[in-house]
Amino acid sequence: MRESPALKVLLASPRGFCAGVERAVEIVEKTLEKHGKPVYVRHQIVHNAYVVEKLQKKGVVFVDELEDIPEKHQKTRPVIFSAHGVAKGITQKAKDKKMLAINATCPLVEKVHREVERFQKDGYHILLIGHKYHPEVAGTMGQLVQIAGQKPPITLVETKKDAEIFTPPDERPLAYVTQTTLSLDDTNEITEVLKKRFPSINAPKKGDICYATANRQNAVKTIAPQCDMMLVIGAKNSSNSMRLLEIAQNLSKKAELITDGDNLPKIDKKIKTIGITASASAPEILVQQTIKTLQKTHQVTLQDIPITKEAVVFKMPKELNQKR
Ligand code: SF4
């Protein structure tokens, strides 16, 4: 019998679930415990099919809009807003309809919401650095107070080019905020352009890219150059996953986004070292399952490469801490 080939597997650390995702999933679980099923969730609670399907089996129904909740359940069943955050108009609509709404928005996304509110109140025109169709961007833009007959004082900046050609629409001072899950490097390039063109532009006191995004990107930067192939466990609609993939593609010979160990790419003889990471919305079980799949065909040596420890925990919303 032929011996299976040796394979070194480097595990990026930290990887996988962040505190905001842990909290969002726990909010859904606790809501199910407290109220029974069905529980409605507006939008995927986090961008991961495994997490979504697991919750669906427990009685969670995912909807795109509040109107998609059947009439008979609109006032009787809970609805949860996803970790990405929602526009004020949607929370208001839930209030007006007297829905039992529970907000699973990550506190670090809420921090950006408060910054946008404050900048509008203080008379700034805001540049939001982010990706157009991401729900977090829609939620952040939706924090602005709408004034009849006036355009909201916000411009989306997606690329360095956008920053280079932006023209302020009026005399208002400028400020910028960012989506929490962007590439650190691309965002630095964009903010450098803005600061050079508009030296008095106001920036958030602390950067908006969250600790989890930064740590996962830095962990990939550490191991990717040593790898013949990097596997990023995540999803195409997850900003976090796609940024990790871009870094891995730039720094290792080959990089692939996979949903789990059942979707492994071909691993040819030349590949001696594989790096694995998981996005902030991908649970550790998918990493372990990927390792098990590799072990079926290779003699795997595992090495965890921690760059930092994370100890962030967010409080649960008060309505889930109260007794019934
Ligand atoms: S990636 Fe960051 S902002 Fe998004 S849920 Fe996790 S901790 Fe919150």
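Contact, in these notes, means heavy atoms within 4.5 Å. I'm working from a predicted model.

**Entry: Thr-273**

I started with Thr-273 and asked what it touches, skipping residues up to four places away in sequence. I got Leu-7, Lys-8, Leu-10, Gln-226, Cys-227, Asp-228 and Met-229. Thr-273 belongs to strand 11, which covers residues 273-278. Buried or exposed, I wondered about Thr-273? Its relative accessible area is 12%, and the cut-off for buried is under 20%, so Thr-273 is buried.

**Entry: the five-strand sheet**

Strand 11 sent me to its sheet. This one is open, has five strands in the order 10-9-11-1-12, and pairs in parallel. Which strands sit at the edges? They are strand 10 (255-258) and strand 12 (299-306), each pairing on one side only. On average, neighbouring strands here are turned by 25° against each other, direction ignored.

I then looked at one pair in detail. Strand 1 (residues 6-13) and strand 12 are joined in the parallel sense over eight bridges. As one spot to find on screen, I noted Ala-6, which stands opposite Gln-299 in strand 12.

Next I checked what packs on this sheet. Helix 9 does, touching strand 1, strand 9 (229-233), strand 11 and strand 12. The direction of helix 9 makes about 150° with that of strand 1. Helix 11 (residues 284-297) packs on the sheet too, and it touches strand 1, strand 9, strand 10, strand 11 and strand 12. Against strand 11, the direction of helix 11 comes out at about 160°.

**Entry: helix 9 and helix 10**

Helix 9 made me curious about its helix partner. Helix 9 (residues 211-223) packs with helix 10 (residues 239-251) at an angle of about 20°, and their axes are 9 Å apart. That angle makes helix 9 roughly parallel to helix 10. The crossing is right-handed.

Who makes the contact? From helix 9 I listed Thr-213, Arg-216, Gln-217, Val-220 and Lys-221. From helix 10 I listed Asn-240, Arg-243, Leu-244, Ile-247, Ala-248 and Leu-251. Sorted by class, that contact has five nonpolar, three polar and three charged residues.

I zoomed in on Ile-247, which is found in helix 10. Leaving aside neighbours within four places in sequence, Ile-247 is in contact with Gln-217, Val-220 and Lys-221. Ile-247 is buried, with a relative accessible area of 9%. I also checked a C-alpha distance: Ile-247 and Asn-218 are 29 residues apart along the chain, and their C-alpha atoms are separated by 9.3 Å.

**Entry: the three-strand sheet**

Last stop, another sheet. This open sheet has three strands in the order 7-6-8, with parallel pairing. Its edge strands are strand 7 (154-157) and strand 8 (174-178), each pairing on one side only. Neighbouring strands in this sheet are turned by 25° against each other on average, direction ignored.

How many bridges join strand 6 (residues 125-129) and strand 7? I found four, in the parallel sense. For Ile-126, the bridge partner in strand 7 is Ile-154.

Helices again: helix 5 (residues 107-121) packs on this sheet and touches strand 6 and strand 8. The direction of helix 5 makes about 170° with that of strand 8. Helix 8 (residues 184-197) lies across strand 6, strand 7 and strand 8, and it runs at about 155° to strand 6.

Notes:
Residues numbered from 1 in each chain as written. Predicted model: local features only at pLDDT ≥ 70, side-chain atom pairs only at ≥ 80, totals over all residues. Heavy atoms only, no water. Axes fitted to C-alpha atoms, helices over the stretch in contact; angles between N-to-C directions. Helix = DSSP H or I, 4+ residues; strand = E, 2+ residues; numbered from the N terminus. Parallel < 35°, antiparallel > 145°, perpendicular 65-115°, else oblique. Left-handed = near helix turned anticlockwise from the far one by under 90°. Nonpolar A, V, L, I, M, F, W, Y, C, P; charged D, E, K, R; others polar. Buried < 20%, exposed > 50% of the residue type's maximum accessible area, 1.4 Å probe, protein only. Pairing = 2+ DSSP bridges.
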